[in-house]
Each structure stands twice: as C-alpha cells, then as structure tokens.
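Let's take a walk through this protein together, one region at a time. Keep the viewer open so that you can follow along.

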Amino acid sequence: MTEPLLATQDIGVRFGDFRALSEVTLSVMSGTVHSVIGPNGAGKTTLFNVLTGRLSPSEGRVVLAGRDVTRLPAHRRVHLGMARSFQVTNIFPELTVGENLRLALQAVSGAQPWIFWRGVDPDLGRMQAVAEEVGLTARISWRAGDLSHGGQRALEIGMALAADPRIIFLDEPLAGMGIDDVHRTKELIRGLAPARTVVLIEHNMRVVLDISEQVTVLAQGRTIAEGPPALIRGDAAVREAYLGSGM
Ligand SMILES: Nc1ncnc2c1ncn2[C@@H]1O[C@H](COP(=O)(O)OP(=O)(O)O)[C@@H](O)[C@H]1O
Ligand SMILES: [Mg+2]
C-alpha cells in the first residue's frame with residue numbers, strides 16, 4: 001500500500017472545557033477526492049482549520065507527504081503544496097475574472113508590479129490555464145461580481161489553484177447554491193482529481209457520495225464512519241446522525 005499524502009493521528013481540539021474534536025484519524029491518498037461530512041456542529045470546519053494550519057490541535061499530529069506539519073503555520077504549508085478555499089467569498093467583485101486570477105498568481109510568483117506597467121504579463125499563460133481548469137475561459141473578461149454564485153465559487157477555487165497546489169481544501173463549497181450551480185461545482189471539484197488531491201468538507205451528503213473515493217463522517221467531534229461511498233450509504237450510524245438534519 002502506498003503512503004497517504006496527508007494523514008492525521010488522533011487529532012483532538014478543545015475550546016476551554018468544550019471538546020470540538022476527539023481522536024480524529026484519517027488518511028488521504030494522493031489523487032483522490034476525500035470528503036469529510038457530518039451534521040452542523042460536527043467539527044468539520046475545526047478539522048479544516050487544523051489541516052490547513054489556522055488552528056493548532058490540542059492533541060495529535062498532522063503529517064503532509066511524510067513531514068510533521070502539526071505546528072507549521074498556514075503560510076508555510078502553502079509552500080509544501082497546500083491550498084484552501086473558504087466558505088466566505090474572497091474575490092474582488094469589481095475586477096474581471098482574469099484580473100482576479102492574475103492577482104492571485106502575482107501573490108504566489110512575487111512578480112513585480114512594474115512589469116504590468118510595461119504591458120508585459122508573465123502570468124498570462126498560467127492565468128489562462130487556471131481559467132480553463134475551473135471552466136471560466138469564456139468569462140475571463142466578465143466582472144467577477146456578475147458571475148453566478150457557482151461562477152464565483154469556481155473563481156475562488158481558481159485563485160486557490162494559482163499556487164499550483166498538490167492538495168486543495170474546500171470548506172462547504174456548495175453552501176447556499178442553487179441546483180444548477182451545485183451540479184457545475186460538483187463536476188469542477190471532481191475534475192480537479194487525479195491531477196490534484198482534494199479534501200472536501202461538505203454538508204451535502206448526496207453530492208459527496210457521488211464524487212468521493214473516500215468519505216469520513218464526523219458527528220460530535222468523532223469519526224463515526226469511514227470508507228468508500230457504497231459503505232457510507234448503508235451505514236446505520238451515519239443515517240442516525242443525519243436523521244432529521246435534512247441531508
Ligand atoms: N473558536 C471556538 N470556540 C469555541 N467553540 C467553538 C469554536 N469553533 C467552533 N466551536 C464549536 O465547535 C463545534 C464544531 O464547530 P465546527 O467545526 O464549526 O462544526 P461544523 O463545521 O461541522 O458545523 C461547534 O459546537 C462550535 O460551536
Ligand atoms: Mg463548518
């Protein structure tokens with residue numbers, strides 16, 4: 001069996017007396033979509049923050065490509081090939097899609113702004129490649145604020161891809177979307193792998209079961225089930241955890 005790209009061992013997080021996570025152990029294999037699902041309050045965002053380096057766990061370890069990154073801050077993990085996209089919108093609505101992507105590319109390449117003034121854009125090819133990867137090629141000159149909700153989410157994912165990450169973390173990318181946007185975003189996420197590894201934190205169980213290789217189910221801060229979608233679908237504990245939560 002090959003090594004996982006990302007692994008956690010017995011992650012615990014306490015906020016004062018409250019335990020948000022207990023003994024969360026998972027292995028994410030390279031080139032897969034690995035989802036973490038669970039009802040509201042299960043600890044998904046807390047785990048996302050631990051994995052991406054925003055939050056230091058009270059217990060346990062996070063290992064990325066064989067290296068212990070538990071105490072490594074978020075910006076240092078980016079250099080190891082991690083990128084993340086947040087629940088909240090991060091784009092500049094007044095700028096075009098292309099300009100948003102160029103800003104993200106500049107932030108990672110450290111290109112000098114004066115190159116812009118001379119009309120040279122070293123990131124143009126890369127910008128077009130990212131737009132293609134997230135399905136926004138036809139909308140490069142659109143004002144970002146005029147994109148649909150799904151289009152804006154695609155752009156945010158594109159901005160996270162600017163760093164050309166090996167592994168990308170998405171926290172509830174489908175939240176608040178209409179049915180068409182859900183479908184498009186789902187296809188986009190599926191298409192990121194196997195070139196990249198995707199850790200998808202999501203409340204929408206149906207979508208997750210459709211596009212993931214592996215699923216980890218959290219409830220009240222603990223892993224209650226783990227495995228391929230076929231196994232999760234029939235799991236009694238999962239059904240119970242989701243009962244009445246509008247899955
Ligand atoms: N900074 C914090 N301080 C105290 N409690 C928190 C904090 N962040 C999250 N929690 C609590 O931890 C639990 C898990 O939250 P969260 O990880 O956001 O769940 P999910 O994303 O699955 O909805 C919730 O009960 C939440 O109120
Ligand atoms: Mg959350």
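If neighbours up to four places away in sequence are left aside, Asn90 is in contact with Glu156 and Met159. This is a predicted model, so please read each position here as a computed one. Asn90 sits in the loop that runs between β6 (82-85) and α3. Is Asn90 buried, exposed or partly exposed? It counts as partly exposed, because 14 C-beta neighbours lie inside 10 Å, whereas a buried residue needs 20 or more and an exposed one has 12 or fewer. For a sense of distance, Asn90 and Gly53 are 37 residues apart in sequence, and their C-alpha atoms are 18 Å apart in space.

Both contacts of Asn90, Glu156 and Met159, appear among the buried residues of helix α6, so that helix is a natural next stop. Helix α6 spans residues 149-161. From its first C-alpha to its last, α6 reaches 18 Å with 13 residues, close to the 18 Å expected at 1.5 Å a residue. It is mostly covered, with twelve of its 13 residues buried. Those buried residues include Gly150, Gly151, Gln152 and Arg153 at one end and Ala160 and Leu161 at the other. What does the covering of α6 include? Among the elements packed over its buried residues are β6, α3, α5, β7 (167-171) and α7.

One of those covering elements, helix α3 (residues 97-109), also has 13 residues and reaches 18 Å between its first and last C-alpha, close to the expected 18 Å. In α3, the buried residues are Val97, Gly98, Asn100, Leu101, Arg102, Ala104 and Leu105. A reminder helps in reading that list: an α-helix has 3.6 residues a turn, so residues three or four places apart point the same way. The buried residues of α3 pack against α5 (124-133) and α6.

From these helices we can move on to the nonpolar interior. The largest nonpolar core has 60 residues, and those with the most contacts inside it are Leu101, Val134, Leu155, Ile168, Val198, Leu200 and Val217. Helix α6 gives the most to this core, with six residues. Does the core draw on one domain or on both? It takes at least three residues from each of domain 1 (1-81 + 167-247) and domain 2 (90-164). Val134 makes a good place to look inside the core: beyond residues up to four places away in sequence, it touches Ala154, Leu155, Ile157, Gly158, Leu161 and Leu188.

That brings us to the way the domains meet. The C-alpha centres of domain 1 and domain 2 lie 27 Å apart. How many residues of each domain are in contact with the other? Ten residues of domain 1 are in contact with ten of domain 2. On the side of domain 1 that touches domain 2, helix α7 (residues 179-192) supplies the largest share, four residues. By class, that side of domain 1 has five nonpolar, three polar and two charged residues.

Past α7 there is a backbone detail to check. The peptide bond from Ala193 to Pro194 is cis, with omega near 10°. Pro194 lies in the loop between α7 and β8 (197-202).

Two more backbone details are found in strands. Asp10, in strand β1 (residues 6-15), has a phi near 45°, a positive value in a residue other than glycine. Glu23, in strand β2, likewise has a positive phi, near 50°. Asp10 is partly exposed, with 13 other C-beta atoms within 10 Å, and Glu23 is partly exposed with 14.

Strand β2 also leads us to the last stop, ligand 1. Around this ligand lie Phe15, Phe18, Ala20, Gly38, Asn40, Gly41, Ala42, Gly43, Lys44, Thr45 and Thr46. Which elements supply at least two residues each to this shell? They are β2 (18-28) and α1 (44-52), and α1 gives the most, with three residues. By class, the shell has four nonpolar, six polar and one charged residues.

Terms used. Residues numbered from 1 in each chain as written. Chains lettered and ligands numbered in written order. Predicted model: local features only at pLDDT ≥ 70, side-chain atom pairs only at ≥ 80, totals over all residues. Near = placed C-beta within 6 Å. Nonpolar A, V, L, I, M, F, W, Y, C, P; charged D, E, K, R; others polar. Core = buried A, V, L, I, M, F, W, Y, C linked by C-beta atoms within 7 Å. Domains from an automatic or database assignment. Contact = placed C-beta atoms within 7 Å. Expected span 1.5 Å × (residues − 1).
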